[in-house]
Amino acid sequence: SNLVLAQNLLFSMVPQARRSNQFCRPNTTTEFNGTAENRYKAINDAAFKRHNTIEIRLHSGTTNAKKIINWINLLIHIANAKPYRSEVNYFSEIPASWDLNTNLKKYIQERISRFKNAAALAA
C-alpha cells in the first residue's frame, strides 16, 4: 500500500507518455486482489497470488544504469518503510521513514523538475 500511496510522487518523476497511457493507469485503491483487472495499473499485483511479485509499470524502458539503480532503490525504500496512511504527492511530503540518502533525494528532485518543465512547455 505504501507504493500506491506514493504513486502521485512517482508519476511526477516520469514522462507524460507514462502518465497518460492505457498500460499504466493510476491505482484507485490500496487493496490488492491479484486479479487480471489490475494488470495495467501503475502498481500491478496481477501476478502476486501465483508468483508472489508485484510489477511497478511507471518507469520508461531504459538501459541507463543510474536511472535503473535510483528507481529500484527508491521503490525499495518506499516498500520497506513503516506503513503510512496518507498520499505522498510532493517531494516535501516524503516521510522520514523512507530514509533516503542525499543522492536519491537529488535524483527525485531532478526527475520531478525535468518532467514538470516538460509538461509546462507542452501546454
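From the N terminus on, the chain's elements follow the order α-α-α-β-α-β-α-α. That makes 6 helices and 2 strands. The model is predicted. Its mean pLDDT is 85, and 89% of the residues score at least 70. The chain has 123 residues, of which 34% count as buried.

**Confidence**

- Confidence peaks in H5, at a mean of 95.
- The lowest value belongs to helix H4 (residues 48-51), at a mean of 77.
- Where pLDDT is low, predicted coordinates should not be read in detail.

**Overall packing and surface**

- Among contacts with a separation of 6 or more, 53% join residues 24 or more positions apart.
- The accessible surface of the chain is about 7800 Å². Carbon and sulfur atoms hold 51% of that area.

**Nonpolar core**

- The largest nonpolar core has 27 residues.
- Leu10, Met13, Leu58, Leu74, Ile78 and Trp98 touch the most other members of this core.
- Helix H1 (2-5), helix H2 (7-11), H5 and H6 each contribute at least two residues to the core.
- Trp98 contacts Ala6, Leu9, Leu74, His77, Ile78, Ala81, Tyr84 and Val88, leaving aside neighbours within four places in sequence. Two of the core residues named above, Leu74 and Ile78, are among these partners.

**Strand S1 and Ile43**

- Ile43 sits in strand S1 (residues 43-44).
- Ile43 has 0% relative accessibility and counts as buried. The cut-off for buried is under 20%.
- Leu3 is 40 residues from Ile43 in sequence, yet their C-alpha atoms are 7.2 Å apart.
- Beyond residues up to four places away in sequence, Ile43 touches Leu3, Val4, Asn27, Phe32, Ile54, Glu55 and Ile56.
- Glu55, one of these partners, also takes part in a salt bridge with Arg57.

**Salt bridges**

- The whole structure contains 2 salt bridges. Side chains of opposite charge can pair when their charged atoms come close.
- One joins Arg57 and Glu55, at 3.1 Å from N to O. Arg57 is buried, with a relative accessible area of 15%. Glu55 is partly exposed, at 33% relative accessibility.
- The other joins Lys66 and Glu110, at 3.9 Å from N to O. Lys66 lies in helix H5 (residues 65-80) and Glu110 in helix H6 (residues 102-122), so the pair ties together parts 44 residues apart in sequence. Glu110 is partly exposed, with a relative accessible area of 36%.
- The 3.9 Å distance of the Lys66 and Glu110 pair qualifies because the cut-off is within 4 Å.

**Arg39 in the loop before S1**

- Arg39 lies in the loop between helix H3 (16-19) and S1.
- Arg39 is partly exposed, at a relative accessible area of 38%.
- Setting aside neighbours within four places in sequence, Arg39 contacts Asn44, Ala46, Glu55 and Arg57. Glu55 and Arg57, both among these contacts, form a salt bridge with each other.
- Cys24 is 15 residues from Arg39 in sequence and 8.8 Å away in space, C-alpha to C-alpha.

**Positive phi in loops**

- Most residues other than glycine have a negative phi.
- Asn52 departs from this, with a positive phi near 60°. Asn52 lies in the loop between H4 and strand S2 (55-56). At 57% relative accessibility, Asn52 is exposed.
- Asp99 also has a positive phi, of about 55°, although it is not a glycine. Asp99 lies in the loop between H5 and H6. Asp99 is exposed as well, at 60% relative accessibility.
- Both residues count as exposed because the cut-off is over 50%.

**Nonpolar surface patch**

- Ile68, Ile72 and Ile76 form a nonpolar patch on the surface. Together they have about 230 Å² of accessible area.
- Ile72 belongs to helix H5. At 43% relative accessibility, Ile72 is partly exposed.
- H5 also supplies at least two residues of the nonpolar core.

Technical notes
Residues numbered from 1 in each chain as written. Predicted model: local features only at pLDDT ≥ 70, side-chain atom pairs only at ≥ 80, totals over all residues. Heavy atoms only, no water. Salt bridge = Lys/Arg side-chain N within 4 Å of Asp/Glu carboxyl O. Buried < 20%, exposed > 50% of the residue type's maximum accessible area, 1.4 Å probe, protein only. Helix = DSSP H or I, 4+ residues; strand = E, 2+ residues; numbered from the N terminus. pLDDT = per-residue confidence, 0-100. Contact = heavy atoms within 4.5 Å. Patch = residues over 30% accessible without salt bridge, like charges linked within 9 Å, V, L, I, M, F, W, Y side chains within 5 Å. Areas by Shrake-Rupley, 256 points an atom, 1.4 Å probe, with all protein chains shown as cover. Core = buried A, V, L, I, M, F, W, Y, C linked by side-chain atoms within 4.5 Å.
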